[in-house]
Amino acid sequence: RPMGRVIEPLRQMGADIQGSAGHTLPITIRKVKHLHGIHYRLPVASAQLKSCLLLAGLFADADTCIEQPAPCRDHTERMLTAFGAEVSIDNGRICLRPGHPLRAVDVQIPADISSAAFFIVGALIAPGSEIVLPGVGVNPTRNAVLAILQAMGGHIRLSNERQVSGEPVADIHVGASQLRGIDIPAELVPNAIDEFPAIFIAAAAARGSTCLRGAAELRVKESDRIAAMSAGLGRLGIATEEFPDGLRIEGGKIGSGTINSHGDHRVAMAFAMAGLAAGGPVIVEACDNVATSFPDFAGLSRKAGLTIEVTGT
């Protein structure tokens, strides 16, 4: 993953950090006496970069202010506020004032919508399916996957909406649906960036063409997710067209085949769900990294009715 965009603003704050020649891991960090507050505009809408700077800002000598080019997930701002940090948010600008002691609080963590997305898509494409996913976080900076799938004709509704530890939570009801291809609205892309492998499987099962643009960030995840998903869909008989910042998918009949997940947990789980609509077995290779975000994915999938077998180590 690219580390340069993390290293550069931390150096502006006074950190002593050295990366590799290609600005990737490994990196070397040396202790410094002081960090300085900075005003920084994110080059991309990255919650990980934003969180890095906010955490560093807790130990700076002045305010750290961050401007976002587009909204991105705000879990860190919510959590820091709950722990007593002084965080202000105004029209996409987040400022953290250091010097406020943090306090211990009890936190209940909602179910992860990125993990839920695979089962949402699975239920949408498997004939006769109907599931309820209880207590899923539906933070407005994370729930664009629901809006995209609903725009494709997905039968998705929320109930029991509530707040848990400062985060909005709901039960998500999903039923099998006849999906249709869409042009994914650009404004929804940043807040669904991690869910696109699952969304691509929904697009493969939909009628017509689905087009995603403005998602170049997918190329620098655990794998190049645009290339990995395009290649995998091609192995299953689905036509795609790659762009530097996106993918066009022609929905059709999902076939059988062997997929290389390139060690990417989200690619692996997405193609596991593709098996629900496939004409034969879907074999996904290099799945060890599924444990990165969803250690019991296979077990929960079996409980939900998938015929799934894990081989090897």
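In this predicted model, strands E11 (residues 239-243) and E12 (residues 246-250) run antiparallel to each other and are paired through five bridges. The connection between E11 and E12 is a hairpin of two residues. Within this pairing, Glu-242 faces Leu-247 of E12. Phe-243, a residue of the range 239-243 that makes up E11, has Arg-213 placed over the face of its ring, at 4.1 Å from the ring centre.

The two strands also take part in the surroundings of helix H7, which spans residues 225-235. Among the elements that cover the buried residues of H7 are E11 and E12, together with helix H6 (196-205), strand E13 (257-260) and helix H8 (265-274). The residues of H7 that are buried beneath this cover include Arg-225, Ile-226, Ala-228 and Met-229; Ser-230, Gly-232 and Leu-233 are likewise buried. At the N-terminal end of H7, Asp-224 acts as a cap, with a side-chain oxygen 3.3 Å from the backbone nitrogen of Ile-226. Ile-226 thus appears twice in this description, as the residue whose backbone nitrogen lies by the cap and as one of the buried residues of the helix. After H7 comes Gly-237, which has a positive phi near 85 degrees.

Attention now turns to helix H4, formed by residues 113-125, in which Ser-114 is located. Ser-114 counts as buried because its relative accessibility is 2%, where the cut-off for a buried residue is under 20%. Which residues does Ser-114 contact, once its neighbours within four places in sequence are left aside? They are Arg-142, Asp-194, Glu-195 and Arg-266. Two of these partners are joined to Ser-114 by polar contacts between side chains: the one with Arg-142 is 2.7 Å, and the one with Glu-195 is 2.4 Å. Arg-266, another of the contacts of Ser-114, falls within the residue range 265-274 of H8, one of the elements covering H7.

The aromatic residues complete the picture. A pair of aromatic rings is described by how far apart the centres are and by the angle between the planes. The structure holds five aromatic pairs. One of them is formed by Phe-294 and Phe-297, whose arrangement is edge-to-face, with 5.5 Å from centre to centre and 70 degrees between the planes. Both Phe-294 and Phe-297 are buried. These two residues belong to one aromatic cluster with Phe-118 and Phe-119, and residues 113-125 constitute H4, the helix that also contains Ser-114.

Conventions
Residues numbered from 1 in each chain as written. Predicted model: local features only at pLDDT ≥ 70, side-chain atom pairs only at ≥ 80, totals over all residues. Heavy atoms only, no water. Helix = DSSP H or I, 4+ residues; strand = E, 2+ residues; numbered from the N terminus. Buried < 20%, exposed > 50% of the residue type's maximum accessible area, 1.4 Å probe, protein only. Polar contact = N/O pair within 3.5 Å; in protein donor to acceptor, adjacent residues only side chain to side chain. Contact = heavy atoms within 4.5 Å. Pairing = 2+ DSSP bridges. Phe/Tyr/Trp six-rings, centres within 6.5 Å; stacked < 30°, edge-to-face > 60°. Lys NZ or Arg CZ within 6 Å of the ring centre and 35° of its normal.
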